[in-house]
Amino acid sequence: QNVVAILPKRLSYSVYYFLQRNFGALKYGQHNPKSRLVAAITLWKYILNEGNVPVNKVFYEIGTGRVPVMPFAYYLMGANETITVDLNKYLKEDQCVEMVQYIVDNKQEVLDMFGDYLVENRLSTILDYYAKDNFSLSEFLDICNITYIAPLDAVKTQFKSSSIDYCTSYTVFEHIPGIILEKILTECNRVLAPNGLHIHRIDYSDHFSHSDKNISPINFLKYSDMVWSWYAGNSYMYMNRLRHDDFQLLFRKAKCEIVRQSTDVDESITSVLDKMQGQLDMRFIGKSKETLSTTGAWFVMRKY
């Protein structure tokens, strides 16, 4: 990743995608959108739990990635429109085809997954379109009422004030420097409707542990900022390493009121921490074991 990131920007993206597609997590035929579909349903439930009705509302997603799985799920559940943005143009048609093919191959599982939240005629529309065998990314996005904008700096969207009902992200905020993230949230507050909500999922774990089971989810807390930057300071793997308490403080600074939060605490990390005595970087030494054992969280917030 460090080597590829040194290449000229356009070439770098092409080379990195080629490597991912042929040797990495994006191998042909292996794309499984299930976890993100489930995440979108969870997010939808959080909105309902706050007494809001997400049907026919406008969603704003920060960080589209390769496939607009979350916006697609919002469409299936009745969203009016989703505006999804990215700093770089990563969206790929072939990956979208694989997502829809997964839906076709696992229709009953998808029906069970969405349950009463599914607008069945919308699913039928997508399946009928896909059956024509002339898939076009632009047509697919139009059918799903998805507006994709990339590249776009989420700090200055130029969207109309109070035009968005729900500002969402899924495992994106851990990849944005804190100082920039505060500005993004401030911009989100500007475009968010008075009764709108922020709903964000954050993954606090060391992402290298996702593919290397020999290291723990907090392995990267051993390194100073300088050393960690040497390992993963590139545009493909940057992680701010902010912990749960850091995000709580950042949200307050950005004038976001936390109305609900749900954390994933990995109890096994307690023993890892005991073994790491004296190894944690000083940036993390003063934090509680519970904070350091928190590997992920959902936040639901209102602006104030």
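## Helix α4 against helix α7

The axes of α4 and helix α7 (residues 120-131) cross at roughly 125 degrees and come within 7 Å. The two helices are therefore oblique to each other, an angle between 65 and 115 degrees being needed for roughly perpendicular. All of this is read from a predicted model.

Who makes the contact? On the α4 side we find F72, Y75 and L76, and they meet R122, L123, T125 and I126 of α7. Sorted by character, the residues of this contact are five nonpolar, one polar and one charged.

## Helix α5 against helix α6

A second helix pair offers another geometry to look at. Helix α5 (residues 93-105) packs on helix α6 (residues 107-114) with the axes 5 Å apart and an angle of about 90 degrees. That angle makes α5 roughly perpendicular to α6.

Here Y102, I103, V104 and D105 of α5 touch K107, E109 and V110 of α6. The contact of α5 with α6 has four nonpolar residues and three charged ones, with no polar residues.

## Aromatic pairs

Now to the rings: the model holds 20 aromatic pairs. In one of them, F72 and F140 have ring centres 5.6 Å apart and planes at 45 degrees, so the pair is tilted. F72 sits in helix α4 (residues 69-77) and F140 in helix α8 (residues 137-143), so this pair ties together parts that are 68 residues apart in sequence. Both F72 and F140 are buried. F72 may look familiar, as F72 also takes part in the contact of α4 with α7.

For F251 and F299, the ring centres are 4.8 Å apart and the planes stand at 75 degrees, so this pair is edge-to-face. The pair links distant parts of the chain, with F251 in helix α11 and F299 in strand β7, 48 residues apart. F251 and F299 are both buried. Elsewhere, ring pairs join F208, F220, Y223, W228, W230 and Y231 into a cluster.

## Helix α9 and its surroundings

How does the length of helix α9 (residues 178-191) compare with what is expected? Its 14 residues, at 1.5 Å a residue, should span 20 Å, and the end C-alpha atoms are 20 Å apart, which agrees.

The buried residues of α9 are L181, I184, L185, E187, C188, N189 and V191. They pack against strands β1 (58-62), β4 (164-170), β5 (192-203), β6 (256-265) and β7 (294-303), and against helix α11 (244-253). Both α11 and β7 have appeared already, as the homes of F251 and F299.

How values were computed
Residues are numbered from 1 along each chain as its sequence is written. This is a predicted model: local features need pLDDT of at least 70, side-chain atom pairs count only at pLDDT 80 or more; totals for chains, interfaces and linings use all residues. Side-chain values use heavy atoms; hydrogens and water are left out. Axes are lines fitted to C-alpha atoms, for helices over the stretch in contact, and angles run from 0 to 180 degrees between N-to-C directions. Helices (H or I, at least four residues) and strands (E, at least two) are DSSP runs, numbered from the N terminus. Angles under 35 degrees count as roughly parallel, over 145 as roughly antiparallel, 65 to 115 as roughly perpendicular and the rest as oblique. Contact means heavy atoms within 4.5 Å. Ala, Val, Leu, Ile, Met, Phe, Trp, Tyr, Cys and Pro count as nonpolar, Asp, Glu, Lys and Arg as charged, and the others, Gly among them, as polar. The expected span of a helix is 1.5 Å times one less than its number of residues. Buried means under 20% relative accessible area, exposed over 50%, partly exposed in between (1.4 Å probe, protein chains only). Rings of Phe, Tyr and Trp (its six-membered ring) pair if their centres lie within 6.5 Å; planes under 30 degrees apart count as stacked, over 60 as edge-to-face and the rest as tilted.
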